[in-house]
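Please walk through this protein chain paragraph by paragraph, with the coordinates open alongside the text.

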Amino acid sequence: MISIKGIASPLLFKSNYNNFNFTKIVNIINNYNGSRFYSSDNCEKKSIKIYKSTTNNALFNIATEDWLFKEFELNKQTLYLWRNSPTVVIGRYQNPYKECHLQRMEEDGVVLARRYSGGGAVYHDLGNTNFTFLSPTSDYSKERNTNIIINSLSAIGISPPIEASGRNDIIVQGKKVSGSAYKQSGNRSFHHGTIMIDVNLDSLQKYLNPNKDKLKSKGITSVISRVLNMKTILPTMNHEMICDSVINEFCKAYGNENVQVEELTVSDLERIPSLKETYETLQKWDWRYGNSPEFEHQFEKRFDWGSIDININCTKSIIDKVKIYSDSLNPTMIEVLSNNLLGMKYNQEGITTAIERTKTVLDNTQDSNSQLDQLKEYLINSI
C-alpha cells in the first residue's frame, strides 16, 4: 500500500510498486491541490535556449523579440531577457496621441515604440526587467511560465505571498509587480511581461497621462494599475539579480543545468538581415504614428485677439479634415491656416510647417505673425 501526502486525506493505492509512474502521480496530485510550484526532480529534461540583450535600445529589443518569435527553434523552449532606457511602448492598435503625453516625451528624450502585439500602453525604464518565453504551441503553458517568475522572485528573497492574479498579473503585498501579455500564431506562442524593480513611478504618471481634452478615438485605452516597486521591500534587488534568478528557475523547470546564455546587441543587426529589417520598420514614423486609428481632437482657447475652436480629424496620423471657428477679426488667417493644416502630419513638425506657410501667404504681417505664434505654441503643447 502506498500513501501519498499533500491533500486533505491521504490518497491510498493498492498496487504493485513496480507498476507506478511516481512522477505522473505526484504531478496529478499537485494539479489537484492547485499548486503552482514545480519540483526540478520531477521535470522532464527538454532542450532550451536563453538569450539576453546587452543594450537598452528599446526598438532593438522589441525587434529582437519579434525576430525570435518568427525564427526560434520549435524543438526548444526559449527565454529572452531585456530592459529598455526610458520608453513608452504602445500596443499595435493604440493611438499614441491618446495614450501618451508626446510633448513631454519629446522634451525629455523618451522614446515612443509601437510593438507588433496588442494590449495597452506601458512605461519602461532601467528599473524594469522584461522577460519573454517562446514555446511551440503544443508545449505552451502560461501557468508554467508564471510559476518560473514567481519562483524567481521567491528565490531572491521576496517574501510571500507572491500570487498570480487574474489573467495577466503577479501581485506582492496586494500590489502589481508584474504584468503579462500573450500571442499565438500557428505553431508558435509567446508570453512576455515586465518585472518592476525600481521604475520611476513619477515618470510613469507623467508620460501616460496626456491631455485628453475632448480627444476621441477608436483605439484601446490603457488602465493604470496599483503597482509596487520591489526594491522598496528588497533594497538589494537589481536587474542582474532577477535575470540570474529567472535563468536558474527556467533551467530547473526544464531539467537543465549550465546552459550558455547568448548575448545580443545592436551590432548583431549586421549579421541578421531579418532582424535589421524589423528594427528599421519599428524606427519609421509611419509605423510608430501612422498606424494610429482614426481620431478627432478638438481645441478651444481664448486669446487676446479672439476665441478659437479647432476641430481636427486624423487618419493614420495625417490631418485630413479641419474646421476652425473663431471670432477673430482676421478671418483670412483662419481660412488659410485651415487649408495649410490639411495633409500635415499630426505632430510638432506638421503644425509648425502649416503655421509658417500661413505666415508667408499673409505676407508676414506683424499682427498675423504674433497671433499665429501664439496659436502654434498652444497647439504644440496640446497635442
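The text below goes from the overall fold to the cores, a helix pair, the salt bridges and some local backbone features.

The structure is a predicted model. Its protein chain holds 12 helices and 17 strands. Of the 383 residues in the chain, 49% count as buried. Sequence separation in the contacts can be stated as well: among contacts between residues at least 6 apart in sequence, 71% join residues at least 24 apart.

The nonpolar interior comes next. In soluble globular proteins, nonpolar side chains tend to be buried together. Here the largest nonpolar core has 45 residues, and within this core Val88 and Tyr346 touch the most other members. Leaving out residues up to four places away in sequence, Val88 touches Cys100, Met105, Val110, Val111, Leu112, Ala113, Val122, Tyr123, Tyr207 and Leu208. A second core, separate from that one, consists of 30 residues and includes Ile50, Leu79, Leu153 and Ile197.

Cys100, one of the residues that Val88 touches, also serves to place Gln205. Gln205 lies in helix α6, residues 201-207. The C-alpha atoms of Gln205 and Cys100 are 9.9 Å apart in space, while the two residues are 105 residues apart in sequence. With a relative accessibility of 40%, Gln205 counts as partly exposed.

Two packed helices are described by the angle between their axes and the distance between the axes. For helix α11 (residues 348-361) and helix α12 (residues 366-382), the angle is about 170 degrees and the axes are 10 Å apart. An angle over 145 degrees counts as roughly antiparallel, and α11 and α12 are therefore roughly antiparallel to each other. On the α11 side, the contact is made by Gln348, Ile351, Thr352, Ile355, Glu356, Thr358 and Lys359. On the α12 side, the residues are Asn369, Leu372, Asp373, Lys376, Leu379 and Ile380. By residue class, this contact of α11 with α12 divides into five nonpolar, four polar and four charged residues.

The loop between α11 and α12 contains Asp363. Although Asp363 is not a glycine, its phi is positive, at about 60 degrees. Asp363 is exposed, with a relative accessible area of 64%.

Turning to charged pairs, a search of the whole structure finds 15 salt bridges. In one of them, the side chains of Lys46 and Asp139 meet with an N to O distance of 2.8 Å. Lys46 lies in the loop between α1 (22-33) and β3 (48-53) and Asp139 in the loop between β8 (128-136) and α5 (142-155), so this pair ties together parts that are 93 residues apart in sequence. Both ends are partly exposed: Lys46 has a relative accessible area of 24%, and Asp139 has 21%.

Another salt bridge joins Arg271 and Asp268, whose closest N and O atoms are 2.7 Å apart. Asp268 is buried, with a relative accessible area of 8%. Glu270 and Lys276 also form a salt bridge through their side chains, at 3.5 Å from N to O. Glu270 counts as exposed at 60% relative accessibility, whereas Lys276 is partly exposed, with a relative accessible area of 28%. Shared partners join Lys49, Glu262, Asp268 and Arg271 into one network of salt bridges.

Is Leu269 buried or exposed? Leu269 is buried, its relative accessible area being 6%. This residue lies in the loop between β14 (261-264) and α8 (273-283). Not counting residues up to four places away in sequence, Leu269 touches Phe60, Leu275, Lys276 and Tyr279. Among these, Phe60 is 209 residues from Leu269 in sequence, yet the C-alpha atoms of the two are 8.7 Å apart. Lys276 thus appears twice in this region, as a contact of Leu269 and as the salt-bridge partner of Glu270.

Two further backbone details remain. The peptide bond from Pro160 to Pro161 is cis, with omega near 5 degrees. Pro161 is placed in the loop between α5 and β9 (162-165). Lys316, in the loop between β16 (306-315) and β17 (318-326), has a phi near 55 degrees, which is a positive value in a residue other than glycine.

Note on methods: Residues numbered from 1 in each chain as written. Predicted model: local features only at pLDDT ≥ 70, side-chain atom pairs only at ≥ 80, totals over all residues. Heavy atoms only, no water. Salt bridge = Lys/Arg side-chain N within 4 Å of Asp/Glu carboxyl O. Helix = DSSP H or I, 4+ residues; strand = E, 2+ residues; numbered from the N terminus. Buried < 20%, exposed > 50% of the residue type's maximum accessible area, 1.4 Å probe, protein only. Axes fitted to C-alpha atoms, helices over the stretch in contact; angles between N-to-C directions. Parallel < 35°, antiparallel > 145°, perpendicular 65-115°, else oblique. Contact = heavy atoms within 4.5 Å. Nonpolar A, V, L, I, M, F, W, Y, C, P; charged D, E, K, R; others polar. Core = buried A, V, L, I, M, F, W, Y, C linked by side-chain atoms within 4.5 Å.
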